[in-house]
Amino acid sequence: MPRALSAVAAPAIKPAVSARPKKAPQFAERALRIGVSARLLHEAPHELGFRNKVLQYIEQSLAHWIMEHGAVAFMVPAVSHDSKHAARHLKVDQVVQELDALVLQGGADVAPQTYRQKPIDPRWEGDVVRDRYELALLRTFLAQKKPVLGVCRGAQLLNVAFGGTLYQDITTQCAAAHAHVDTDLYDQLEHDVTFLQGTALTRLYPKASQLRVTSIHHQAVAELGKGIVVEAVSTLDGLVEAIRWTGETYARGVQWHPEFHHGRDALADSSPIMLDFLDASRAAALHRLASGLEPDPRTPRAPLHLAGS
């Protein structure tokens with residue numbers, strides 16, 4: 001008889017796999033990247049421990065005002081002439097290319113020499129170093145068609161950038177003006193502003209033509225710059241409180257501090273101004289993306305609307 005053959009397992013037969021077309025890579029969304037100009041402290045108080053050092057910083061409320069709507073705030077440091085390597089290897093336009101928009105903070109006075117005047121008092125000489133740094137940023141953002149929002153000093157600088165001038169001191173130069181600054185009250189000083197009908201700002205507050213705001217400024221817009229229009233004035237004395245550039249790129253300035261209005265129901269809601277700015281920033285970013293001018297392939301996210309905004 002033939003010998004029995006041992007059983008051998010048959011090799012498993014793999015089912016045929018149908019070829020599937022590869023999907024195009026999907027890129028995640030990204031947050032809007034908002035540059036914030038730095039406040040400069042040229043001589044830090046001794047108790048801070050930064051002897052002979054210049055400090056650059058963002059005021060917290062301003063950063064939170066941007067971030068609570070889903071964008072990310074990036075401080076853009078000023079580069080001084082003694083920082084030779086930074087100045088040589090990183091140009092302003094390269095910094096601006098990485099960001100979607102710019103917010104100009106409040107702070108020190110704009111130097112009169114920046115708008116072709118001499119100080120009428122040594123106390124109001126301003127900060128020409130910061131002026132030059134912020135003007136370079138502002139002009140480069142606008143040249144790249146990226147939105148700019150100026151707050152307090154930032155609104156004044158926007159006017160100066162287009163050839164306008166400022167009242168160096170409201171009390172000295174505007175006899176009929178009411179108090180726009182109080183060192184003791186600081187951000188608790190308030191007054192009403194009236195929107196000029198037909199301006200873009202009225203569309204952000206369709207249910208009111210007059211709102212209450214903070215007031216922390218001893219300087220104000222005087223002669224308007226080229227292409228600058230007034231959007232709001234102080235109700236009591238008519239001083240300029242909000243402006244907008246009529247050029248092809250979004251640029252608005254408000255003299256009050258919307259970032260200080262959080263949690264204060266009697267004051268104007270700060271969300272419409274920030275949302276309008278961020279919507280414009282996203283629209284500009286989407287246009288660059290569609291035109292092949294945006295190096296980041298991710299789609300910028302729409303800003304977040306807070307409850308009640």
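What is the mean pLDDT of the protein, and what percentage of its residues reach 70 or more? The mean is 90, and 87% of the residues reach 70 or more. The model is predicted, and the confidence is not even along the chain: over residues 1-10 the pLDDT is below 50. Beyond near neighbours in sequence, this stretch has zero contacts in the model.

The sheet comes next. Nine strands form an open sheet in the order 4-1-5-6-13-12-11-8-9, and their pairing is mixed. Its edges are strand 4 (72-76) and strand 9 (210-214), each of which pairs on one side only. From one strand to the next, the twist averages 25°. Within this order, strand 6 (residues 148-151) pairs with strand 13 (residues 251-254) in the parallel sense, over four bridges. Val151 stands opposite Val254 in strand 13.

Two helices can be placed against this background. Helix 4 lies across strand 1, strand 4, strand 5, strand 6, strand 12 (240-245) and strand 13. Relative to strand 5, helix 4 runs at about 150°. Helix 5 is mostly covered, with nine of its nine residues buried. The buried residues of helix 5 include Arg153, Gln156 and Asn159, alongside Leu157, Leu158 and Val160. Just after helix 5, Gly163 takes a positive phi of about 95°.

Helix 4 and helix 5 are also tied together by side chains. Glu134 and Arg153 meet in a salt bridge, at 2.9 Å from N to O. This pair links distant parts of the chain, since Glu134 is in helix 4 (residues 128-143) and Arg153 is in helix 5 (residues 153-161), 19 residues apart. Glu134 and Arg153 are both buried.

How many salt bridges does the model contain? The count comes to 18. Side chains of opposite charge can pair when their charged atoms come close. Another of these pairs is Arg30 with Asp100, whose side chains meet at 2.8 Å, N to O. Here too the pair links distant parts of the chain: Arg30 is in the segment before strand 1 (33-37), and Asp100 is in the loop between helix 3 (92-97) and strand 5 (101-104), 70 residues apart.

Are Arg30 and Asp100 buried or exposed? Arg30 has 3% relative accessibility and therefore counts as buried, because the cut-off for buried is under 20%. Asp100 has 0% relative accessibility, so Asp100 counts as buried as well.

A further salt bridge joins the side chains of Asp296 and Arg298, at 2.9 Å from N to O. Asp296, at 13% relative accessibility, counts as buried. Arg298 has 32% relative accessibility and so counts as partly exposed, because that class lies between the 20% and 50% cut-offs. Salt bridges that share partners join Arg30, Arg33, Asp100, Arg288, Glu294, Asp296 and Arg298 into one network. The Arg30 and Asp100 pair and the Asp296 and Arg298 pair thus belong to one network.

The cysteines remain. The count of disulfides comes to zero. Cys152 is at 7% relative accessibility and therefore counts as buried. Cys174, at 12% relative accessibility, counts as buried too.

Conventions: Residues are numbered from 1 along each chain as its sequence is written. This is a predicted model: local features need pLDDT of at least 70, side-chain atom pairs count only at pLDDT 80 or more; totals for chains, interfaces and linings use all residues. Side-chain values use heavy atoms; hydrogens and water are left out. pLDDT is the predictor's confidence in each residue, from 0 to 100. Contact means heavy atoms within 4.5 Å. A disulfide is a pair of cysteine sulfur atoms within 2.5 Å. Buried means under 20% relative accessible area, exposed over 50%, partly exposed in between (1.4 Å probe, protein chains only). A salt bridge is a side-chain nitrogen of Lys or Arg within 4 Å of a carboxyl oxygen of Asp or Glu. Two strands pair if DSSP finds at least two bridges between them. Axes are lines fitted to C-alpha atoms, for helices over the stretch in contact, and angles run from 0 to 180 degrees between N-to-C directions.
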